[in-house]
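Biologist: I would like to learn how to read the empty spaces, the bound molecule and the unusual backbone spots in a structure that is new to me. Could we go through them one by one?

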Amino acid sequence: MIDVQDGYFRLAGRETAMVLHVNESGRLEMVHYGGPVALSDAPFLRFHPLLTYGTELEDDQGNFPDHETLAWSGLGRGDFREPPLEVHFSDSAFTNEFLYDSHEILEGTCPMKGLPSGRGEGAQSLVIHMKEAARPLDLDLVFTLFPDEDVIGRRVRLINRGEEPVVLDKVMSTMMDLPGRDYGLLNLTGTWNREAHPVFRKLDVGRTVQASLTGASSNRVNPAFALYEKGTGEDRGRVYGFNLIYSGNHYASVEESPHHFYRVQAGINPEGFSWTLRAGETFESPQAVMTTTDRGFGGMSDHFHRFINKRIIPEAWQDRDRPIAINSWEAMGPRVSEGSLLKLAKEGRDLGMELLVLDDGWFQGRESDTAGLGDYSEDAKKLPGGLDRLARKVRDLGMDFGLWVEPESVNPDSDLYRAHPDYAIQSPDRTPILGRHQLLLDLTRTEVQDYIVDQVNGLLDRLPISYIKWDMNRHMADFFSPTCPAGELAHRYILSLYRILDRIFGTHPQVLLEMCSSGGNRFDLGMLVYAPQIWASDDTDPVERLTIQKGLSYFYPQSTISCHVSAAPHSQTLRQTPLPTRFNVAAMGVLGYELDLGRLSPVDKKAIQAQTAFYKDHRSLLQRGTFHRRDDLPDHQEGFAILSPDRREGVVLMAQRHLDHAGPAYDRLKVSQIDPDLSYMVRSRPQKCQLARFGHLLNYVLPPYLKGDSLPVAIAGRHMALDEGEFEGRMTGRALHEGIFLPDQFKGSGYDKKLRLWGDYGAQLYTIQALPEGEGEVEGESNDNE
Ligand code: GLA
């Protein structure tokens, strides 16, 4: 609810409140952002220094701009912290100071043009109209409160009321000053194959900046970040989380002032950005979203996950289970053919998969990544009956059909480029710099937009396609376009992309869109408004994925994180990991498979059949339950739990990157979010360890004439494997709060089916099911494991 009293505004969610105040000078102060407070308390929460200090400047109202906690600031008027807006007026003046003029409160969101935003049912918006103190330039600060999720959206609108153009060099979507000391910063950093690694660092006086310049939200640093107070854990501590509903170059900075206030701002990256706002024109910034909680990182994730599941991903997919895909890429690369695809589809179906995704390689000239991008007709040699016959046959097998496209790019070696070289972004005076042998198309041109829309809509209208994987495999460079100045190109490209996606998927809401950009190079809220899920990384090694998926989980729900089981050794890390681990980690998101199923041994096929059956049994929980991370485990282990909202059901992952030390280590299964007053049945998901894992150690148990690495043993290993880690027990939620002991890990002194044969890279899933009242509460009842 938004209420106003005596110049104070309060935006109150369920467990949070933001209080704003127009001060005597007309500047908008951020009085409070944190737990719920009464408006009558606001004057006491407001920081208001009585006297000026030393070199500070003082305005005509006796206020000291550099010492205020502001919700928006200017440049050149006494506040020496980083400004959120830089404008050049036609006479080269650049001072700007926006002062309160009026406000309005709207039900729902405040409509915006051309940019995606959170859906607004039950939301309220506060629009504060500000005016530049000396020039005809207006600024609207738009706050949208999503009370149920405790999320606030912020964006700005600049309106040129004058006759002369003004040049916008920097426009942030949000800015606020927070009091406090000793904040840390969490952000997600990386590169290709190593996306979204969470980094925690302590802040100090000065600016800490995170930004992308690649044209996309990028795999280098995600737009999401969080500030946290000292001592914050998963379930305790004040955290402020921020994100941007935008897919292009982004910028965020946290500046600790000499007075130990923290200025936080986020928006479009000002580097390479310069926007001319002509008379009467309006510029709208993307929407930033923020939340706060004193329930630690877990509380922040809870707010953001609920917000994204309810208000960001397309409505048609909000409560809808996602299919288990089998993707052709890691199985066959671009060497696809109707025969091999139908074989993969049939094998996939028999193993419980539901959707065949034909990845790269299906169109003419696409023998490798050097040619063919931009053209959309099928390769007649690979697909003699065309996509039509393939799709029909896949559907006849009982599988859905999905297709990979990469519409934003063109290879110079393509019919499209030969016909329209001008469609590509390249500078007339430079040799174009290529990425994966391709150029980006200039999406700002309407004929390019029409070409892409016609091609993709043509496929969707002609074929029974239920899923599209939309890829984008290069960074932006050579900024030049005949349609707009270079400083507007990167932003206009993203606006055009949104327009294209609207025109295609707005008319095909039932098609499941998965975004991809060389893996997770564009994992952001802007993309999620169109695509319910995003390919998190080309790196499907489960050990790497533990970090990537954990990183993303701070800010994005598992329903958005696409995860595939692939072959071992892994194609990028050469790491040999057990099949159960690959599944157990992928099951913490939207599950799929991406490997040559024909090469699997009978025992692995059986295991995969059991995996898909397990996933389907728990699918809604795994995709849309509440996600929790454990923060009490040593660095070599990871623990995630996904619980139903009523906490009666759960699936818990315990995983280890490597065996810490040999010796009698023990592990405890601990779920501190479970209902302590219920009784639960806890079971391990049955899994088996391949004989090959034991290598020559098998000689200890084999008859003397057989060797561990002999052919008969290898053949036996294709048909049999060892049960591991069996566990079953009834217990109260209190025991799970404390942490129950799991059976031992293998230590080389014998075998028992309850032993966890984990070694390096082992992992297991445990299901938790509340027992009907009266069952399982027997005083002193023992754990079946003992
Ligand atoms: C990118 C994607 C992969 C795959 C290939 C195909 O690298 O991230 O998943 O689709 O392109 O060329």
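Modeller: We will go from the ligand to the pocket and the cavities, and then to the backbone; please keep in mind that this is a predicted model.

Biologist: Let us begin with the ligand: how many residues surround it, and which are the closest?

Modeller: The ligand is surrounded by 13 residues, and the closest are Asp 359, Asp 360, Arg 436, Lys 469 and Asp 538. Sorted by class, this shell comprises six charged, four nonpolar and three polar residues.

Biologist: Which distances should I look at for polar side-chain atoms and the oxygen atoms of the ligand?

Modeller: Polar contacts are counted here for N or O atoms within 3.5 Å of each other. For Asp 360, a polar side-chain atom is 2.6 Å from a ligand oxygen atom, while for Arg 436 an N or O atom of the side chain is 2.9 Å from an oxygen atom of the ligand. Asp 471 also has a polar side-chain atom at 3.0 Å from a ligand oxygen atom. As for the surface, the ligand taken alone exposes 310 Å², and the protein buries 96% of that.

Biologist: How does one find empty space in a model, and what is the volume of the largest pocket?

Modeller: The general idea is that a probe the size of a water molecule, rolled over the atoms, shows where empty space is left. In this structure the largest pocket has a volume of about 1000 Å³. It is lined by 47 residues, of which Leu 579, Ser 601, Val 603, Asp 604 and Gln 690 are the closest to its centre. Among the elements that give two or more residues to this lining are helix H11 (579-586), helix H14 (711-719) and strand S36 (687-690), but helix H12 gives the most, with six residues. By class, the lining of the largest pocket holds 21 nonpolar, 13 polar and 13 charged residues.

Biologist: Where does the largest pocket lie with respect to the domains?

Modeller: Domain 2 (325-619) and domain 3 (637-770) both give residues to the lining of the largest pocket, so this pocket lies between them.

Biologist: And how many cavities of 30 Å³ or more does the structure hold?

Modeller: There are nine cavities of 30 Å³ or more, and the largest cavity holds about 90 Å³ of space. Its lining has 14 residues, and the closest to its centre are Arg 27, Ser 73, Gly 74, Arg 77 and Glu 97. That lining divides into six nonpolar, four polar and four charged residues.

Biologist: Finally, which residues does a cis peptide bond join, and which residue has a positive phi although it is not a glycine?

Modeller: In general, most peptide bonds are trans, and most residues other than glycine have a negative phi. Here, a cis peptide bond with omega of about 0° joins Ala 568 and Pro 569, and Pro 569 sits in the loop between strand S29 (561-565) and H11. Arg 647, which is not a glycine, has a positive phi of about 60°, and Arg 647 is in the loop between strand S32 (637-643) and strand S33 (649-656).

Methods
Residues are numbered from 1 along each chain as its sequence is written. This is a predicted model: local features need pLDDT of at least 70, side-chain atom pairs count only at pLDDT 80 or more; totals for chains, interfaces and linings use all residues. Side-chain values use heavy atoms; hydrogens and water are left out. A residue is near a molecule or strand if one of its heavy atoms lies within 4 Å of it. A polar contact is a pair of N or O atoms within 3.5 Å; within protein, one must be able to donate a hydrogen and the other to accept it, and residues adjacent in sequence count only if both atoms are side-chain atoms. Accessible areas come from the Shrake-Rupley method with a 1.4 Å probe; for residues, only the protein chains shown count as cover. Ala, Val, Leu, Ile, Met, Phe, Trp, Tyr, Cys and Pro count as nonpolar, Asp, Glu, Lys and Arg as charged, and the others, Gly among them, as polar. On a 1 Å grid over the protein atoms alone, a cavity is a set of points where a 1.4 Å probe fits but cannot get out, and a pocket is an open set with protein on both sides within 12 Å along at least five of seven lines; lining residues have an atom within 4 Å of a point. Grid points are joined across faces, edges and corners, and a volume is the space filled by probe spheres set on the points. Helices (H or I, at least four residues) and strands (E, at least two) are DSSP runs, numbered from the N terminus. Domain bounds come from an automatic or database domain assignment.
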